[in-house]
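Trainee: I am new to this structure and would be grateful for a close look at one part of it. Please begin with a single place in the chain and then set that place in its wider surroundings.

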Amino acid sequence: MLPYIARRLVFAIPTLLAVSIIAFIIIQLPPGDYLTTLMADWASQGGAVEAGTVAAMRERYGLDQPMYFQYYKWMAGILLHGDFGISFELGKPVTELIWSRLGFSLMLSLLTLCFVWAVAIPIGILSAVRQYSISDYTVTFLAFFFLAVPDFLMALGAMYVMSVWFGQSVGGLFSPEYVDAGWSFGKLLDLANHVWLPVIVIGLGSLAALVRIMRANLLDELSKPYVTTARAKGISEFELLIRYPVRLALNPLISTIGWILPAVISGEIIVSVVMSLPTTGPLLLRALLAQDMYLAGSLILLISVLTIIGTLISDILLAMTDPRIRLT
Amino acid sequence: MSMTNDTILKVDDLKTSFKTRTGVFKAVDGVSFELKRGKTLCVVGESGSGKSVTARSILQIVDKPGTIDGGSIVLTRQDGSQVDLAKLNPRGEEIRNVRGREIAMIFQEPMSSLSPVHRIGEQIGEGLRIHFGTPKAEQRERVLDLLRQVEIPRPETAIDRYTFEFSGGMRQRVMIAMALACNPQILIADEPTTALDVTTQAEILDLIKRLQQSHGMSVLFITHDMGVVAEIADEVLVMYRGKVMEHGTVDEVFHAPKDDYTKRLIGSVVRLERKAEIRLKRAEIAEDAAPLLEVRNMSLTFPSGLKAVDDVSLIVRPGETLGIVGESGSGKTTMGRCLLRIYDPQMGEINYRRADGTVIDMRTADKPQLKELRREVRMIFQDPVGSLSPRKTVAQIIAEPLKLAGMRGKELDERVAELMQQVGLEPAWRERYPHAFSGGQRQRIGIARAISVKPRLIIADEATSALDVSLRSQVLDLMMKLQDEMGLSYVFISHDMSVIRYMCDRVAVMYRGKLVEAGETDQVVNRPTHDYTRALLSAIPHPDPRDRRIQNRFRYVAPSASVNG
């Protein structure tokens, strides 16, 4: 197993390189650069900038260099010094900006993943075992409904309902008094009070998908001969269901981690903007709009790393739960 | 009716039906029988006769939407108490206490009937846990004991293995061990040897018989093979379309059958006991004719180091059928695939003589040449379900090779209709999908596809193994008819000496990648020179209960002894 993991990690390197190059190019594709955006901002505020100043700034930021050279400088910084460059707009090192938010992003994604799994599996089982019953049709309808509703709309709707009907403070992960406070038990409790709403909003879309997958997997397994064999042994129906078909239906579900994780992360970006959460999402959006290329590039790179790790984790889990798969 | 103490299970007027969209399908329609303590009752019939559903009804494990509509299934316990299983709630505790503990069941497909993700020890011991709450350590001891009883080599390591690490025969042994775990009174065996090759079948039948005697079990044995019935049954129940056609002792049924259907079933096995009539009538094939295919010293070693084909040489003459016989793992299928270059043998020559007399070595032929040759050499596969695309109509399947050969439009349609007629299918069925056909008809579709481009040589890999015995001779007859009409040659691969004897002119016996014996079929069958051939011959079930062959069969142990089967 260990050599396999090592090899997979080595294979991840060219993937990441390719992702970083593509991200870098796409960020630079729109005409102009960060300074053009800056000039436009200033101009709209009534200020005028002399051409010389712009040229000087362009030189200072290295924007006058060819693109491949900028990329090389950025990569070399990351690889040699762990330096992801500087955010033009915020004037701070990218690392500093990201780390404080990355923790929340990761927490939110993992919580969402746990929520999705914990809810999707029992609902999927129910839906399969009671195929074509009222509960199955209800679940199926809701699943397609939530699959179809876009994340941001769900976020807006949820916020409206919570604040108008229940008088909850919505938006952000903390109540105003805790935002800048240090970590304490009270702050943790406050976080728990806030975090469930974005978790549900981000998770619902993936949840619906997983319920459908679980249902289909289980329906396939329920009619397999080994189920009859186990039944002929005298096992109770519930134990039979859990020990055999559900156990086997979970295997394909495990492989969905690989794509659920990126789906959750990209869903998180939009939801976070709407609900003003202190995660990387809003930061990425702003960086992209302002062509703040080092910040945007670094964020995309980190998200890709998470995706690759997610896929690797699902492969390893699969090999652990299914003896038919041997990692070599 | 009075219950004598030696009746352990009495089924009376059992009715089981399936409600489908088109109406109610009566799978079991008024079946009655008695199972005697310590005896074997064989329920025999073709696929679709309801024999399997009868067996499942006893344990109330009929698949949805099947339900028991009427009748009784009375189980008499050793203490004299009785219970009607048909009246119990199928999800209730009472029936669960009977399942596995008093009546155990083994199934046809030992691979899919066992869970692929649970260790076999866990699956065998599960019954003990459910019924007796046996502690883990004790459970393991008992499982090891069971594995020894069913003669699985090295039980201590086997217990922690998974099903896919075993051969078919070994898996069926695991299944039997599982059924024996709680010392049941009755063993229901639902076609337990149908998926196995003949030698393994003989081993498993032997094992069941011995365990039945040592455990004092009654056995309800479901099969379609009259040969197997003759070998093991005390009593026989013949079923057809959900009804009992005939019921009696094995001797009565075989030597004085009353029902026509029974006679037909026996006839289909007896037919395979000798050479086909159309072959007896046919003129000898000239020995000096230039061979169509000449294989010289062909060898194939897999990357794993396994020598699957080891220095094989053989010839196929025009218009003749060469049988390749051996048990699973003997390399016969791999050898057949080498002939078509599905696998690439590393050594030797595969010289194929084309119609114009030129000889091409298929082993070294390049891609365009192979494409041409594959029109002349075609293949028929074992699995009539898996080898036909479920999303294509019959006409599309048969037309596929013709289209590749460039045929289009009306000409194509006419040719497809002609082919369907040739293999005994109604051309009107051309728009149907494969699932609408029975196993035998599906194999006919496969044959029609194979002969569509007028090939000269057909490699048939276990073409009749997945079919009921009653259908085997029909499909073989069809293949011989086509052979005579089209001047075809066959390489007929099978594990079953009886179909080889029925159809082949010459036969080559394969064992562990090598040809151990080859010659005229009559000579090999009647005067085998190699012990392995004799073992294969003696493992064929003999359709005469007065002369049971399997119990006194000849076992072959390879000089470099290792465990197999």
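Mentor: Let us begin with B:P65, which is found in the loop between α1 (51–59) and β4 (66–76) of chain B. Helices and strands here are DSSP runs numbered from the N terminus: a helix is H or I over at least four residues, a strand is E over at least two. Residues are numbered from 1 along each chain as its sequence is written, while chains are lettered from A and ligands numbered from 1 in the order in which they are written. The model is predicted, so local features need pLDDT of at least 70 and side-chain atom pairs count only at pLDDT 80 or more, whereas totals for chains, interfaces and linings use all residues.

The feature of interest at B:P65 is the bond that leads into it: the peptide bond from B:K64 to B:P65 is cis, with omega near 0°. Most residues other than glycine have a negative phi, and most peptide bonds are trans. A second backbone feature of chain B concerns phi, since B:E191 has a positive value of about 50° although it is not a glycine. B:E191 is placed in the loop between β7 (186–190) and α7 (198–215) of chain B.

Both loops belong to a chain with 20 helices and 20 strands. The C-alpha trace of chain B spans about 80 × 55 × 45 Å along its principal axes. Its radius of gyration, taken over C-alpha atoms, can be set against a globule rule of 2.2 Å times the number of residues to the power 0.38. For 565 residues a compact globule would come out near 24 Å, and the 25 Å of chain B agrees with that. As to confidence, pLDDT is the predictor's confidence in each residue, from 0 to 100; chain B has a mean of 89, and 98% of its residues reach 70 or more. Residues 561–565 of chain B have a pLDDT below 50, and beyond near neighbours in sequence this stretch has five contacts in the model. A contact means that the C-beta atoms of two residues, placed from the backbone, lie within 7 Å.

By that criterion, 18 residues of chain A are in contact with 23 residues of chain B. On the chain A side, the elements that give two or more residues are α9 and α10 (237–254) of chain A, and α9(A) gives the most, with six residues. Sorted by class, this side of chain A has seven nonpolar, four polar and seven charged residues. In this scheme Ala, Val, Leu, Ile, Met, Phe, Trp, Tyr, Cys and Pro count as nonpolar, Asp, Glu, Lys and Arg as charged, and the others, Gly among them, as polar. Within chain A, mean confidence is highest in helix α9 (residues 225–232), at 93, and lowest in helix α3 (residues 51–61), at 74. The model scores ipTM 0.79 and pTM 0.81.

Chain A itself contains 13 helices and zero strands, and its C-alpha trace spans about 85 × 55 × 40 Å along the principal axes. One packing within it deserves attention. Helix α5 (residues 94–129) and helix α13 (residues 293–321) of chain A pack at an angle of about 40°, with their axes 10 Å apart. The axes are lines fitted to C-alpha atoms, for helices over the stretch in contact, and the angles run from 0 to 180 degrees between N-to-C directions. That angle makes α5(A) oblique to α13(A); angles under 35 degrees count as roughly parallel, over 145 as roughly antiparallel, 65 to 115 as roughly perpendicular and the rest as oblique. In this pair, A:V94, A:L97, A:I98 and A:L102 of α5(A) meet A:Y294, A:L295, A:S298, A:L299 and A:L302 of α13(A). This contact has eight nonpolar, one polar and no charged residues.
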